[in-house]
Amino acid sequence: MKTLAEVQIGDRVQVRRLHGTDQVKRRLLSMGITKGTQIELRKVAPLGDPLELTVRGYELSLRRADAGCVEVD
Amino acid sequence: MSREIAIALAGNPNSGKSTLFNALTGARQSVGNWPGVTVEKKTGRLKAQSDCQLVDLPGIYSLAAGSVDEIVARDYLVSGEPSLILNIVDGTNLERNLYLTTQLCELGLPVVVAVNMMDVVKRTGDRIDLERLAAELSCPVLPVSALLGEGLDALTAALLQGIRGELPLPQPRTFPAAIESALADIADLIRPVAPSVPGERSRLIALFERDAHEMERLQLPAGVSSAIEERISRVEAEFDDDAVSLIGQERYQAIQRLLASSRLEHGRGQLTVSDRIDLVVTNRILALPIFAVVMFLVYYLSVSTVGGWWTDWANDGLFGDGFFFLGRGREAYDEKFEEFELAEMSIESFEEEAEAAGLEAEAATDLVSEVILFGESGEEEDRFPVTHADYLAALDVEEPDPAAFGPWVPGVPVLVEQALEAGNVSGWLHDLVLDGIVAGVGAVLGFVPQMLVLFFFLALLEACGYMARIAFVMDRIFRSFGLSGTSFIPMLVSTGCAVPGVMAARTIENERDRRLTVATAPFMPCGAKLPVIALIAGALFADAWWVAPSAYFASIAAILISGIVLKKFRAFAGDAAPFVLELPSYRLPRPGDVLRSMLERAWSFIKRAGSIILLAQVFVWFATSYGWADGAVRAVEQDQSFLAVLGSAVSWIFAPLGWGHWQAVVATITGLIAKENVVGTFGTLYGGFAEVSESGWEIWANMRVHFTALSAYSFLLFNLLCLPCFAAIGAIRREMNSARWTLFAIGYQTGFAYVVSLIFYQLGAMFSGTGSIIGFIVALALLGVMLYLLLRPNPNRRPALATARS
């Protein structure tokens with residue numbers, strides 16, 4: 001299973017499924033991450049974490065650990 | 001009289017909600033808190049109809065993700081209070097913003113949608129068919145630019161229409177047939193136990209999503225709950241996905257269909273200005289230097305220079321003797337005043353010398369005395385001889401009158417004193433007003449200028465979008481001890497003063513992080529603790545270089561340890577949901593909004609923190625200046641005051657820390673007014689003088705009688721870490737918005753300080769051969785408990801995290 005945490009900078013991926021508790025999913029959904037969403041990894045913070053993603057036309061920051069809950073193609 | 005009409009203003013963070021709120025309500029606003037939580041509640045009267053209240057809900061992305069903000073918003077929306085929802089959406093980011101809209105449309109209330117930032121939308125080349133969008137959502141959709149004030153009249157007209165009950169209820173989206181039939185079944189199941197409400201559909205969907213808050217609210221019998229659970233599982237099996245994801249996906253798919261039909265042109269592709277700024281600002285190499293410069297500027301301007309000057313002016317000028325208007329005449333006056341001070345010291349030293357020699361000072365022509373000047377922390381700075389001729393010359397030096405040097409404005413205490421004397425007020429009332437109340441009010445207001453400057457920068461950083469980048473850059477560091485990047489600014493500012501530092505925690509979105517930050521930021525050695533460090537370093541460590549750095553190190557370690565330890569307790573355990581942070585587009589903020597936010601925060605400090613500071617100030621003033629003497633309560637010297645009695649009574653508590661004598665205890669208590677008071681109190685109690693000028697005490701030797709190096713450092717540790725000054729406690733009370741949490745915070749700080757000082761002193765004493773075996777064992781036990789709390793695995797760690805690590 002490949003997750004969002006393993007994506008390289010500049011890669012565009014598609015979300016396959018959300019993992020984790022309902023709470024985790026609710027929060028990710030409210031930020032626009034659902035099955036089929038296109039996500040681009042824009043950059044990584046200077047200290048290696050968190051990640052900056054482009055989701056549905058805006059910039060979102062997720063910690064690597066939480067990005068691990070997002071399964072991608 | 002008809003009930004007051006309320007409109008709820010809901011929208012995503014960064015959608016321009018505050019700007020719209022300000023534009024619609026003008027100056028008629030009030031700020032408070034939602035009951036029981038640290039979330040701010042703002043209400044204002046509509047400009048167009050003053051019996052109509054606009055209630056600003058916290059910025060949320062969803063009604064159902066379980067954060068405190070969302071619960072507050074949802075509870076209010078279903079409370080029956082609002083009769084209309086105004087939903088602001090960011091036109092440059094419709095896809096995510098409309099997610100909340102789809103949820104708001106299910107609440108059974110009329111909704112008016114304001115599409116904000118239409119000016120930016122036009123510039124980027126997007127064209128949106130708002131009529132089509134309105135038809136699809138079945139509620140009015142109006143273009144506005146809150147920033148430019150465009151479209152507000154039409155929006156107000158729609159709101160007034162809504163208030164009159166002329167708007168239809170929005171038609172909620174329908175889900176696929178299998179989900180709809182499950183919702184209908186859930187409706188049948190709960191009908192016998194929960195009466196139907198206007199927001200019925202929203203409730204059904206929440207139950208379908210297994211929303212714990214909603215289930216708790218309904219208190220369904222076990223049979224009903226399990227029947228619902230069984231029904232949900234059937235749908236989940238059918239779609240091979242969980243209920244939460246299903247509903248979320250369906251919402252987004254509906255939004256995408258909506259936008260496909262109403263977005264006429266989509267002018268994306270080229271880099272926006274915001275993108276270009278961000279390329280530089282959060283660049284992997286440049287991010288940290290830029291960040292350091294910005295932070296330095298904020299700190300430098302608000303704590304060291306502009307804010308510091310204003311605070312000094314407020315403390316020493318406005319609430320001190322007075323000040324020179326625009327500073328004119330200050331230098332000349334200071335020079336003269338210094339001459340006068342030196343003359344006073346010469347006279348004092350010469351007369352003492354003469355008295356010791358049994359001579360009349362006037363006649364002691366051959367006598368020579370010596371004046372020694374001490375620096376702020378007691379170190380010797382200069383010494384010079386005083387001859388008889390010098391003495392006579394000194395007698396002629398008169399105290400300079402500031403009014404002769406420039407436009408002099410007397411301070412508030414001076415004016416009040418004049419008024420009291422003119423009114424012939426009795427002694428105790430005179431003292432109460434002047435030393436108790438006026439000094440207390442001064443202590444509250446003295447912080448305000450510094451805060452205004454800081455709050456100005458905070459509002460600017462928030463409004464322009466850089467605040468989110470600070471959190472982005474610093475998150476990695478702060479997360480390792482249980483906080484997030486958003487805690488950085490409160491901690492940084494606390495190194496100057498904990499009061500604005502604690503107030504800066506307002507910008508932290510997550511409530512638990514906010515509480516933890518408020519509880520630990522006062523550990524930082526603020527400006528007022530520096531003289532205490534300097535005094536101890538000078539008196540007992542011969543100004544050793546390592547005392548000040550080690551004090552800083554101990555304070556920062558206290559924050560790290562507390563973060564790690566407290567995060568493992570349930571009340572502070574990380575949010576069950578992940579840390580998500582929107583990095584909003586950079587925007588030029590509207591000056592009015594920045595100024596308003598600055599004034600609002602400063603006012604809320606004065607109002608909510610002021611009372612506690614004032615009361616505490618008056619109490620300590622009374623306890624230090626009055627005592628039981630000759631069978632009555634009267635004004636006494638500090639060493640006979642009620643405070644000294646209290647100090648003696650409780651000094652045994654501090655014996656295990658190595659400083660169980662009343663002077664140290666009294667100094668600690670007076671330090672609660674302001675930490676630098678510890679130094680002044682030591683001056684009085686160990687110096688033995690009735691009055692001690694800042695540059696002339698000789699207390700080092702006396703202190704060495706009462707303290708060893710070990711107990712002095714233990715005293716220093718305790719005073720750095722224990723409960724902060726009253727002003728900071730007031731700020732904590734303001735931010736925690738709960739007496740219980742405030743008590744917890746200061747109780748924790750004091751307990752932590754006690755334990756750390758005890759461990760330090762007892763272990764130190766053992767190694768230097770003066771310790772007791774019992775103390776050693778207790779210290780080891782406490783150290784063990786601390787290490788256990790520090791190192792034990794986190795019992796609240798969420799499982800998703802563990803499996804997600806790759």
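Begin by selecting chain B of this predicted model: among its contacts with a separation of 6 or more, 70% are between residues 24 or more positions apart.

Keep the whole of chain B in view. Along the principal axes, its C-alpha atoms fill a box of roughly 110 × 65 × 60 Å. Switching to a cartoon representation displays 35 helices and 16 strands in chain B. Colouring by burial is the next step: of the 806 residues in chain B, 44% count as buried.

Next, display chain A together with chain B and select the contact between them. The selection should hold 40 residues from chain A and 38 residues from chain B. On the chain A side, three elements each supply at least two residues that touch chain B: α1 (22-30), β4 (58-62) and α2 (64-67). Centre first on α1(A), which gives the most to this side of the contact, with 9 residues. Then colour the chain A side by residue class; its residues divide into 15 nonpolar, 12 polar and 13 charged.

From α1(A), move to β4(A), residues 58-62, and add residues 580-583 of chain B, which form strand β14. How many bridges join β4(A) to β14 of chain B? There are 4, and the two strands run antiparallel.

To finish, select Leu60(A) within this pairing. Which residue of β14(B) is the bridge partner of Leu60(A)? The partner is Glu582(B). Showing Leu60(A) and Glu582(B) together displays one residue pair that bridges the two chains.

How values were computed: Residues are numbered from 1 along each chain as its sequence is written. Chains are lettered from A and ligands numbered from 1 in the order in which they are written. This is a predicted model: local features need pLDDT of at least 70, side-chain atom pairs count only at pLDDT 80 or more; totals for chains, interfaces and linings use all residues. Two residues are in contact if their C-beta atoms, placed from the backbone, lie within 7 Å. Ala, Val, Leu, Ile, Met, Phe, Trp, Tyr, Cys and Pro count as nonpolar, Asp, Glu, Lys and Arg as charged, and the others, Gly among them, as polar. Two strands pair if DSSP finds at least two bridges between them. A residue is buried if 20 or more other C-beta atoms lie within 10 Å of its own, exposed if 12 or fewer, and partly exposed in between; C-beta atoms are placed from the backbone.
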